[in-house]
Every structure is written in C-alpha cells, then in structure tokens.
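Visitor: Please give me a close look at one part of this structure, starting from a single side chain and what it is bonded to, and then work outwards to the other side-chain contacts. I would like the reasoning spelled out as you go.

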Amino acid sequence: MKRQVLLFIAIFCLSSVIGQVTYSIPEEMAKGSLVGNIAQDLGLDVQRLKTGKARIYTGDSVQYIELNRERGVLLIKEKTDREALCRQTTPCALHFQITLENPLELFPVTVEITDINDNAPVFQKEERRFEISETAVIGSKFMLEKAIDPDIGLNGLQRYTLKPSENFVLKLHTQSDGSKKVEMILQKPLDREKQERISLVLTAEDGGEPQMTGTMQIHVTVLDANDNAPVFTKPIYKASITENSVKGTRVTKVSASDADKGSNGEVTYVIGNGMDSVSELFHINSEGDVILNGPIDFETEKYYHIDIEAIDLGGLSDSSKIIIDVIDVNDNSPIVNMISTSSSVPEDSAHKTVIALMSVNDPDSETNGKVHCVINENIPFEIKVTSNNFYSLVTDSDLDRERSSEYNITVTCSDEGVPSLSSSVTLTLQISDVNDNAPVFERSSYEAYIVENNTPGLSIFTVRARDADWNQNARVSYILEDSSVNGVPVSSYVSVSADSGVIHAVRSFDYEQIKDFQFRVKAQDGGSPPLSSNVTVKVMIQDQNDNPPQVLYPVQTGGSLVAEMVPRSADVGYLVTKVVAVDVDSGQNAWLSYKLQKATERALFEVGLQNGEIRTIRQVNDKDVVKQRLTVIVEDNGQPSRSATVIVNVAVADSFPEVLSEFTDFTHDKEYNENLTFYLVLALAVVSFLFITCLVVIISVKIYRWRQSRILYHSSLPVIPYYPPRYSDTLGTGTGTLQHVYNYEVCRTNDSRKSDCKFGRAGSQNVLIMDPSSTGTMQRIQCEKSILDEPDSPLEV
C-alpha cells in the first residue's frame, strides 16, 4: 500500500510553540522508513536542529518515531500496529513534541496511523453446532458468532456469506456502535426424515486489497418439537458503572422468556463477544445478572458493548445488546513532565527568555482533568500557558549573576477534582558564560593518504577541533591557510569544509608528478572576539597501476620484418633474443613478468618469467619450420594488471639463402599469385619471339648482355640488414649469443624469385630485415661494383 503523507501547519500565537505539523502514515511501516522532512515542514534549517539539540519528547508513551538531526527527517523507530495502539478508535494518532534549545522552542507533531488490511476476519470458534427442531417455523432466527477484524473502514469486516443457502439465509442488523449482528434465518422447513444433519460454511469477508476472509463451520442437527424461541424483554439494555468498581459488582439484569414448557422453555444466557476483552471483564449467570469480573478504567475504555444471547434447550435463541457507560472518578494526579530545560542561562538574557518547557496531563475527564500550575514566590520567573496542557517557564525580570548564580524553581500543578490532587517538580538553574577557550585539534598533526587518479571533489580526510565553550562560543569553523605547493596555491590542490572540517581533493593527483605535500588548517570559534588554533596536514599520494608496460626491444617496425636467426645446430637453452620493457609506475605496479602467449611451435621456445629472455627448450631439428612467430605478453604486478604484447619473428636456418627464400615467400605470396598468369603469358611470347628471331641470335646475344647489365645497375630493390645491439647472456654463460653474419654476392635473372646467392665467410650479426614492398634479393656492394665496372661480364644462373 502506498504511503500517503498529509501535511498542514497551524500557527500558534506564543513564541515558544511556533507551529504544529501533522503526518499520515500507514501502520506496520518498517524500521527506518521515512515519515516526513520535519526541518522543511517547520521551515527550519538542518543546522538549527543540530545546534539546538533537537529531540522528540513523548512523555511516558512509547517512542515510535525518531528524529534524524543530520538529515532533518522523522523516521520509524518502532513498527506501529494501529490495532494495538487504538483498537477501533478513529482517527488513531501519535502525539509528541520536538524541542529545540537556545532559544527553547516547542513544535507539536501529530502522526496519524492509517489502517492497512493486515488482519483477516477471525471467528473465536472454528465451528458452531445447532440443534433445531424440525417444527421450527420459517423465519426462525439463530444468532451466529460475529467475526472479529481489528482493522477499520474498508479493511474491516464488510459482509458475511453462508453456503449452501438452501435452508437458511443470513440477516445482518447494524447496531448503534457500527457493528453488525449476524443471524441465520430459516427460509425453508426442515425435515428430519430427509436430512438429519446440515453442514454450512459461514464466511466473513473484509473489503481490503487483497481481500481477507475467515470461516466457521456450522453443523445443524434437526430435532423434533421445540417451536418457540426465547424472547428478550428489551432489544437494548443500558447500564452504567463507576471506574475502579470491585470485582463481583452487579452491573445490570437481563431477562428472556420462552413460551414453551418443560425443558424446551428453560433459557440459558451467554455473552457473544467471544474474542473481545468484554468476555473477560463481564460474565452473565443463569438468572440474567451481568457481573463485573475484572478491573475497569475510564481512561482505558469509556463504554462497553456486550452482545448477549438467550438459548432454550431446543436450540432456539434470541439476541440482545447491553451498553455499559463507565463513570469517571478523580483517581489520577496531574503528571508533570519537563520537556526541555536550560541548566544555565547568560546573565544578559532578554526579558521573557524561555527557561523550560513542560507538559502537564491529567488523564481524568471534565473538571477532574482541569489543571492549574504555579511556581514559588520571590524569584525573577513566571509560568505561562503556551497551549493546551503545555507550559513555559520564562524570565520575568533582569538576571544578575553577581546577585544570584543559582535558582531552585518549584512548579506545583493541581486539578479541580474533589478531593484535589497535585504534583510538583523542581528545576535548578545556573547563571554564567564567557568565551575563554580556543578550539583544540584532536592531534598535533595529521597524515592523510589518497590514491592517485582520484575524482576531483573526493573526501581525503577530516580534521576535528573541540571547543570547551558553550553554544556559539563553541561553534568551530575550519579555514585553509594560504600557502603554495611547488609554486601553485594550495587551494588548487585541496579545499576544507568550513562546517565539518572535511578535506576534499580539488584536482586529480598523479603520483608520477607529486608524491606528497602539506598545508595548514585553522580552526576558529564563533565567539567575540574569536579564538583560533591551527594544525599541519600532510597528504601522501599513493601509486596506482595506471601505466602499461612499454616494450623497448625488439622494436616493432611498421613496414619491415625483423627476424632473429637461430641455427639448426642450436642446443637446449640457446638465447634467441631478449624482450626489454619498462613500466613508469612504482613498487609492485612496476614489477614485470614475461609470458609466451602464442608460438608457431610452443615446444621449441620459452620466455624467462622475470628477465624476458627467449631460449630454446629442446634441440632444434630439421623438421622445425624456418618461419617461427612468437607472441610475448608483458604484464605488470598491479591490481588490475596491465600488459603489452610484442611479436618476435624467428628464423630457424643455418644460411641466409634459406631465410631469404622463406621470408620473401612470406611477404610476396599474395603478389606472386596475382601475377602468375601474367608471367606465363609473357614467357610464351618470349619463346615465340626467340624462335622467329633465331637468325639474328648473335646480335641478340650481344644486346641481351648489354641490357642485363643495365637492369642490374638501375635495380631499386633494397635489402638492408638491420643489426640490433649485441648483448650477451644475462646469466654470464657464453652460450646463446648471436655471433654470425654472412658475406655473400648475388646474381639475378629477370625473375627475381629464381635468383641465387653465393655465400662467403661468417661474420658477427644474425638479424635480418626485409622490406615487404621489395621483391629483390640481397647483394653485396662488392658484387654490385664488379657488375657496374664490367658490363659485359657474364651472369651466373
């Protein structure tokens, strides 16, 4: 059920009680549920609730509502049960007051508890048995037990149904208290010979959502004879009794007569309020006397409604009602509750300053509940009525601390009952106040920590200072003193909340730029003149894993292939290359580990976890492919970790021609496939041309030699080896270093894919870079020079 909140404010004339707020909430709300924004509804600032020490006063009643001074809202403190609080009384409301100090103020608050459909109609007994004569006339009445539903309104009991309805129908009678008397009316003659026993179901339904029901089984046994039902002399009996009457007091007498004779004319009386407390407070004897069976209190219940039934031995019955009024007596003294008091006031307090607020309540009624209050004489105070049952104690003349620093004020309240009853309470009031204490921080200095890359506005730390003074003199404000950090005003780094002392980050910090800084915070009270003190706060920036590793070697080129060369004779543990990476973070965020993520042959290589060295883990054999592609991932130790990947190309070969052929295929497979058809057609044309020109072969050979020399001279096919810096095994062993380079000369034909190389001695480099946009083969400068110098020299094919 949706919570509905109704709010209205009534303005009172006197300053100590400003307004009244009324809320409406459903019962059974969970603890912590919102009742209403009392600060907003009363037009108060939340800070006023804090400084005024706002609190809820309920007197002797249970506190179901609590005040959250930080938010200025009312919350559910204890779950409320409307039926337990008010039973059938409407409206059902909680009354309390919110008090503020300095100056003292009182705000009456009413929270109306609305009903929800949380109770199903219930019968006291699960079944009811009747013995009815078959001669019972149509229209005979049989009183049924009423169902009890503690809910009210639509959620309360709404209707009854009786099934099956062949022999009987229900008839409801609305009574003066709003309840309904339920009677079962015979509408069809009974025939014992046809049906001796009849089973019926009486269902009580409420009107709530969802609808709830209660049932009672009715068993009718058909008898013979008794054809006259008892009849009460009155439909309603009225009586009265004073509260506190002794047990056994006779309240009234009822009477019912039965026209039958013998046992069929004997009448017994029963009380029909089975589930009410009425059945415990009263009982009725066989003579019809209603006797008090327990204590009654006017303040608890002012009247009682009793349903009674007269039943003869034949099962016929009649019903009636007794209304009992409870008469009040003056049995309660006034109850004086100090809602709020000031233990001390300044001697320069203004005239009519409120010193205390109190409530006076007398549960008795009329004159027994009327109360008058007075205070002792010869003191500079007076008592005033602020509103119904509320009083305020105010100053009546100027106060002088030098003349009197303490007053004992006695408040006496008496009612108008006979005899009169009274109560009194004494208040002790001190007169003082000066601002002589500066705020004191909880520590001499503070250290705070914040992780880099923070969100601007993040709360870093809270500084607190205490002031031993009172009220405004103890109200502390926090100020960030002017200073600079690395030439920049500290206010561009942090800010301080003037009220709470919470230090907020103004910017996002970077550990790699600044690791710590310090500044001073001043605490100043609200006295006149103000007193202050200051404290040093040091902020430490903590590193965060916000930088991924950066790979320094091998360098990833955009247009060339870099390959590390491994001879097929390489032994286990041969050092292929080393991946070098760095991380600009610090601590464990900069600890790097290397893992082999993917490889052409995982069983051939491994990567050192800590040093990034790529080594062979088994003997290289002839079955291993020349082109090996390794993907190495470099991860740092941060949480979460960051990583970078690097691709290492490895050539498993003993000679450069083998490497050259494989890697040229690797870069030009696609282009070669696309031009294959063109080359085949071109070759056929050349053969045809040579066949036709065979007669001029000698001249053609001369021209052919000259053209080939020019082609090699103007070739733009770059093959430039790239040699990385030499390094040795980090373990200090000589094995695994790359110590080979090859000198070679190249002779080429028109089809560079069929070129050949002649190799010379070994050198000291093993890294080969090939340009994927080139289809040429490497050639040494010496070979180029010899061809250029001797254009007519023959080519090796």
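Guide: The place to begin is Cys92, which counts as buried at 3% relative accessibility, in what is a predicted model. The sulfur of Cys92 lies 1.9 Å from that of Cys86, and the two residues form a disulfide. Cys86 has a relative accessible area of 16%, and because the limit for calling a residue buried is under 20%, Cys86 is counted as buried too. The torsion about the S-S bond of Cys86 and Cys92 is about 65°, so this disulfide is right-handed.

The structure holds two disulfides, and the other pair deserves a look beside it. Cys373 is joined to Cys413 with a sulfur-to-sulfur distance of 2.0 Å, and here the torsion about the S-S bond is about 110°, so this bond is likewise right-handed. The link spans distant parts of the chain, since Cys373 sits in strand β28 (residues 371-375) and Cys413 in strand β31 (residues 406-415), 40 residues apart. Both of these cysteines are buried. When the bonded cysteines are counted along the chain, the disulfides follow the pattern 1-2, 3-4.

From the covalent links one can turn to the charged pairs, of which there are 23 salt bridges. One of them joins Arg48 and Glu105, whose closest N and O atoms are 2.9 Å apart; Arg48 belongs to helix α2 (residues 46-51) and Glu105 to strand β8 (residues 105-114), so the pair ties together parts that are 57 residues apart in sequence. Both partners count as buried, Arg48 at 16% relative accessibility and Glu105 at 12%. Another salt bridge is formed by Arg615 and Glu613, with 3.0 Å between the closest N and O atoms, and again the two residues count as buried, at 11% for Arg615 and 3% for Glu613. Elsewhere, salt bridges that share partners join Arg82, Glu83 and Asp115 into one network; within that network the side chains of Arg82 and Glu83 meet at 3.5 Å, N to O, and both of these residues are buried.

The aromatic rings give a further set of contacts, with 13 aromatic pairs in the count. The ring centres of Phe232 and Tyr237 are 6.4 Å apart and their planes stand at 75°, so this pair is edge-to-face. Phe232 counts as buried at 8% relative accessibility, as does Tyr237 at 5%. Phe232 also pairs with Tyr269, their ring centres being 6.1 Å apart and their planes at 50°, so that pair is described as tilted. Because Phe232 lies in strand β16 (residues 231-232) and Tyr269 in strand β20 (residues 267-271), the contact ties together parts that are 37 residues apart in sequence, and Tyr269, with a relative accessible area of 12%, is buried as well. In another region, ring pairs link Tyr493, Phe509, Phe517 and Phe519 into a cluster.

Charge and ring also come together in this model. The charged end of Lys302 sits over the ring of Phe298, 5.1 Å from the ring centre, while the charged end of Lys515 is placed over the ring of Tyr511, at 4.7 Å from its centre.

Conventions. Residues are numbered from 1 along each chain as its sequence is written. This is a predicted model: local features need pLDDT of at least 70, side-chain atom pairs count only at pLDDT 80 or more; totals for chains, interfaces and linings use all residues. Side-chain values use heavy atoms; hydrogens and water are left out. A salt bridge is a side-chain nitrogen of Lys or Arg within 4 Å of a carboxyl oxygen of Asp or Glu. Helices (H or I, at least four residues) and strands (E, at least two) are DSSP runs, numbered from the N terminus. Buried means under 20% relative accessible area, exposed over 50%, partly exposed in between (1.4 Å probe, protein chains only). Rings of Phe, Tyr and Trp (its six-membered ring) pair if their centres lie within 6.5 Å; planes under 30 degrees apart count as stacked, over 60 as edge-to-face and the rest as tilted. A charge sits over a ring if NZ of Lys or CZ of Arg is within 6 Å of the ring centre and within 35 degrees of the ring normal. A disulfide is a pair of cysteine sulfur atoms within 2.5 Å.
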